[in-house]
Each structure stands twice: as C-alpha cells, then as structure tokens.
Amino acid sequence: MSGKLVVVSNRIPTDAAPSGGLVVAVHDALEQSGGLWVGAHPERGGPTDDGLTEIARDSYTRLAFHLSEEEYDNYYLGFSNSVLWPICHGRIDLVEIERCHEATYLAVNRRVARLLAQHIEDDDLVWIHDYHFLPLAQELRRLGVRARIGFFLHIPFPQLSALSTLPTPDDFARWLAAFDLVGLQTRRDTARCLEMFRADPRAEFMPDGTVKFHDRVLAVRSFPIGIEVDGFAAAARAQQDAADLGSDLGDRLVIGVDRLDYSKGLPNRFRAFGAFLGARAPEDPRASLLQIAPPTRERVAAYRAIRTELEEIAGRLNGEFATLDWTPIRYIHHAVERDLLAGLYRRSAACLVTSLADGMNLVAKEYVAAQDPDDPGVLILSRFAGAAEDMTDAILVNPYDITEMADAISTALAMPRDERRARHEACLAAVRDSDVAVWADRFVACLRACPPTLMVGGPGDRAGNLLPYTKHAEPEIQ
Ligand code: ADQ
C-alpha cells in the first residue's frame, strides 16, 4: 500500500470548500487519498523559519509557509514572474535579471524543502506544481528525500534558445532531472522538453523513452489539464434560468475572460474587434465585446504597460464606433463570480481566446462546457494556446494576424446552427477527455508507476545535511 499524497503549489486555498478547476481537482484527489497540501500563506510577513502553519485539517491537512515582503518581491514577482514567466511565454525582451532575485528564489526553495522534508515518508507521492518550485526536488533530494516526486508545469515549456536567457542556463535541466516525472500540458511542450535534453551532453535517452541524466532517470509526459465539466455546465444552465445577467448586454455578445497578462494577446484582440467593426455594414446587427480582465502582478512594469495600452485602444475604438445606445467594447477590470461567469459564457454568441502563448487556457474549455448544445456559441481559439492541440473544431486563428481574427468574428457570428452544433459537439468531446479529475488521476497513477529513487551513501539525513543522490531504473538489490 503506497503512502500519502503531498501536493505543493504556490497558491493554496484557504476556504473550507475551495473553488476553481485546479484547486478542486487537487482537493478531490487529496480527499480520496488523505495527505498534505503545502503552499504560501496568503498573508505575507509572518514567521519565515518557524515550521509550517496549519491552515486547515479535514480529510487532509493544509500547511503554509510564510513569505516575507522581500521574498515576495524577489522570489514571486522577481525571479518567478519577471524571469521564468517571460522565458516560458517567449517574451525574453521582458526578462528582468537581478542577482538578488535568483538568490532569493533558490533560498525560498531551499527553505521550503527543509520544512517539507520532515513530513515526507519514503512511500509518499509528492506532486509539485509550477515554475515557482523548479529547484524544489533537487533540494529535497539533497536532504535525503527518496519518495517519488512529480512536477507539473502549467505554463508552456520554454524554447531551447530562450533558456539561454537564464542567469545559469545549465541549472534548468538539472532541476528537472531531480524529479521522477515531469508533466507538461501538451505534446508540443513534451517535444520542447525532450529537445532540451537531446541538446544536453549530460542526458541520454533510454529505450523506454525515459531520460537518463547523470545517474538519474526521469519520465517526461503530457497531461492536458481540464475543468470539472459537468459542474460548470450545470452552473451555466442555472444562471440562464435565473435570467439576471443584465438585459442590456445585447444579442450579439462576444466574450473574452483573462487575467490581464501580456501573454493573453489582448491588444491584438481589441484591434481585431476594431477591424471587424470597421468592416461592418450599417445594416448589420450590432455586436459588443465584453472583456473581463482583472489586473494581476501590477508591481511588474510589463503588467502596468499592458493595462495602459489596452485602455487606450478600448477608449479609441469606443470613441470611433459607439452610439448613444451602443457601447461596442465593455471592459471590466475585476474578477467575476464563477457562476455568473458561467452564465455570461452561455449567453455569448462567441468567445475570443487569442493568447500569444498559453500552457492550456481553461477559459476555452469553460466556454464550450457552458454552451447550450442545441444552440451553442462559437469558440475562436489561438493556435498558440495549448487547448488548440485537441480542440481542433474551434475556429483556430493566428493571434498576430488582425485581419484573420476580424474575419473569424464575422464567420462565428454568421455561422449556421448546424455547423455550430457540429463544431461544439467535437469540442465538448475533447473537453470531456481532459476532465480535471481524469487529469489528476492520470498524473498520480503515472507517478506511482515510476521506479523508486535509491540514495548513494545510505538513508537520507532529514536534519539538513546535503547528500549525493541517484536513481536507478532497476529495483534495489539487497
Ligand atoms: P491562467 O494563466 O490563469 O492559468 P487560464 O487557464 O485561462 O489561465 O485560467 C484562468 C482561470 O481563471 C479560469 O478558470 C477563468 O475562469 C478564471 N478567470 C480568469 N479571469 C477571470 C475573471 N475576470 N473573473 C473570474 N474568473 C476569472 C495558468 C496557465 C494556463 C493553464 C492554467 C491551468 O497560464 O495556460 O491553462 O494555469 O493549468
């Protein structure tokens, strides 16, 4: 019988009943298996070296570590979101390299490893999420942790050339090699990761497709993330019944829902909607774009710049096209409650997902799940979103091509019902195949199947002494 599941993610829910796709999936997996969920405490400035604080205990336990203001600035806003995020999203022009950011990033990972190691048994499964914790397995191995450790990267795997932007580029492959399983969103990401190892003289490919790196062996697989399909569809139906969504939204609503992030391609989306408005004949029905985009990471300069740019474009287009009784672009800066969002998707004739780079994009899946199958809206989806790999019956667009996106909006709004139904049916089947519960089960099963790690130099030292580590593909011979 294998041990408990231990999940680590930067954000950790504080509510008794957490909501949101990933959070619900991890919560459900932990409820079944029992175990631990460790993440950063939502309040900054608490004790930083005083063990983990329990924030909830039920069928599993949630523990948090505190980040000081300086750690938040350097580890989270700095190295994670001003170096790793732009590198992974192909925006190396936005990388801001500060030596102290990298040092704090490594120090936080080392501290979290020390706090975490005391809670991990050899037969546990440790599942680490996202780019905030790339070196965490290496630090855990150094402390003697032998449990199977898996990693899931929610954002795109970087292109090989972009990795050269890192202050110490060779570290990236070494960090990953300390995991037993590296999970990525898409086949494209897996190909990029394998390309990185192929180009690295320290790596070798095993006959079963795993990668041998020095004396460790790791598996690299894609696990496309999804949403809780039935729950989201039920919320959308209930909202439609409630009929309280605001009557002045118009008939021809086009919706966009994103965190305000330069990777989401919002300026080009607005420009494309402007081009669509410019090409429209006076007798054509009026369409409105409802863009919901709450600002995030506003202390990072690139995020402030995108907000200013977007407000300028929206203002200009409304100035040019609005009439006394019609506002073509409505731009909402705050988060919308989940059930209301489901209802808004359902009453929108089209949804625009125009990311320039995106690990998956759950909005695309939520929009499809929320539709009335009998009279569905149309998804316009960037080829650069991970979701496009399997949702091939959406209208796929190049987010750099304004004219193509403007044409896609016209096509979507004029699409006959039979074609909308056929496309929706195919997209919904793809969304069901990657339901978030399936995603979590597949990852955990694959991690459990990984061969165990053996330590050179005897059992691990949990007191913090560094140990060399290795892992063999064959079972240990006594
Ligand atoms: P994100 O970049 O946050 O996630 P996305 O996958 O679209 O992008 O998820 C956003 C979630 O937040 C969706 O559930 C959406 O409904 C919600 N949301 C966004 N704006 C909102 C608003 N204004 N009000 C309410 N809810 C809002 C990262 C990666 C993605 C990857 C996910 C999951 O960047 O590529 O799909 O993780 O792995």
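User: How do β6 and β7 pair, parallel or antiparallel, and over how many bridges?

Analyst: With strand pairing, you look at the sense of the two strands and then at the bridges that link them. Keep in mind that this is a predicted model. Here β6 and β7 run in the parallel sense, with three bridges between them. For a landmark, find phenylalanine 152: glycine 183 in β7 stands opposite.

User: And the other side of β6, how does β5 pair with it?

Analyst: Again in the parallel sense, this time over five bridges. Tryptophan 127 is a handy marker there, as it stands opposite glycine 150 in β6.

User: What connects β5 to β6, and what is the hand of that unit?

Analyst: For a crossover, trace strand, helix, strand. The path goes from β5 through helix α4 (residues 136-142) to β6, and the β-α-β unit is right-handed.

User: Are the residues of β6 buried or exposed?

Analyst: Check each face of a strand separately. On one side of β6 you have Arg148, Gly150 and Phe152, on the other Ile149 and Phe151, and all are buried. That makes five of five residues for this strand. Buried here stands for under 20% relative accessible area.

User: Let's zoom out. What is the strand order in the whole sheet?

Analyst: Read a sheet from one edge to the other. This one is open and has ten strands, ordered β3-β4-β2-β1-β5-β6-β7-β10-β9-β8, with mixed pairing. At the edges sit β3 (53-57) and β8 (203-205), each pairing on one side only. On average, neighbouring strands are turned by 20 degrees against each other, direction ignored.

User: In what sense do β8 and β9 pair?

Analyst: Antiparallel, over three bridges, with β9 covering residues 211-213. Phenylalanine 205 has valine 211 in β9 as its bridge partner.

User: Which strands does helix α15 touch?

Analyst: For a helix on a sheet, list the strands in contact, then get the angle. Helix α15 (residues 436-448) packs on the sheet and touches β1, β5 (125-129), β6 (148-152), β7 (181-184) and β10 (216-222). The direction of α15 makes about 130 degrees with that of β5. Helix α3 (residues 99-117) lies across β1 (5-8), β2 (35-40) and β4 (61-65), at about 145 degrees to β4.

User: Last one: which residues are closest to the ligand?

Analyst: Start with the surroundings, then pick out polar atom pairs. There are 23 residues around the ligand, and the closest are His154, Val336, Asp358, Leu362 and Glu366. As for polar pairs, arginine 259 places a polar side-chain atom 2.9 Å from a ligand oxygen atom. The backbone takes part too: a polar backbone atom of methionine 360 is 2.8 Å from an oxygen atom of the ligand, and a backbone N or O atom of asparagine 361 lies 2.9 Å from a ligand oxygen atom.

Methods
Residues are numbered from 1 along each chain as its sequence is written. This is a predicted model: local features need pLDDT of at least 70, side-chain atom pairs count only at pLDDT 80 or more; totals for chains, interfaces and linings use all residues. Side-chain values use heavy atoms; hydrogens and water are left out. Two strands pair if DSSP finds at least two bridges between them. Helices (H or I, at least four residues) and strands (E, at least two) are DSSP runs, numbered from the N terminus. Axes are lines fitted to C-alpha atoms, for helices over the stretch in contact, and angles run from 0 to 180 degrees between N-to-C directions. Contact means heavy atoms within 4.5 Å. Buried means under 20% relative accessible area, exposed over 50%, partly exposed in between (1.4 Å probe, protein chains only). A crossover is right-handed if, with the strands pointing away from the viewer, the path from the first strand over the helix to the second runs clockwise. A residue is near a molecule or strand if one of its heavy atoms lies within 4 Å of it. A polar contact is a pair of N or O atoms within 3.5 Å; within protein, one must be able to donate a hydrogen and the other to accept it, and residues adjacent in sequence count only if both atoms are side-chain atoms.
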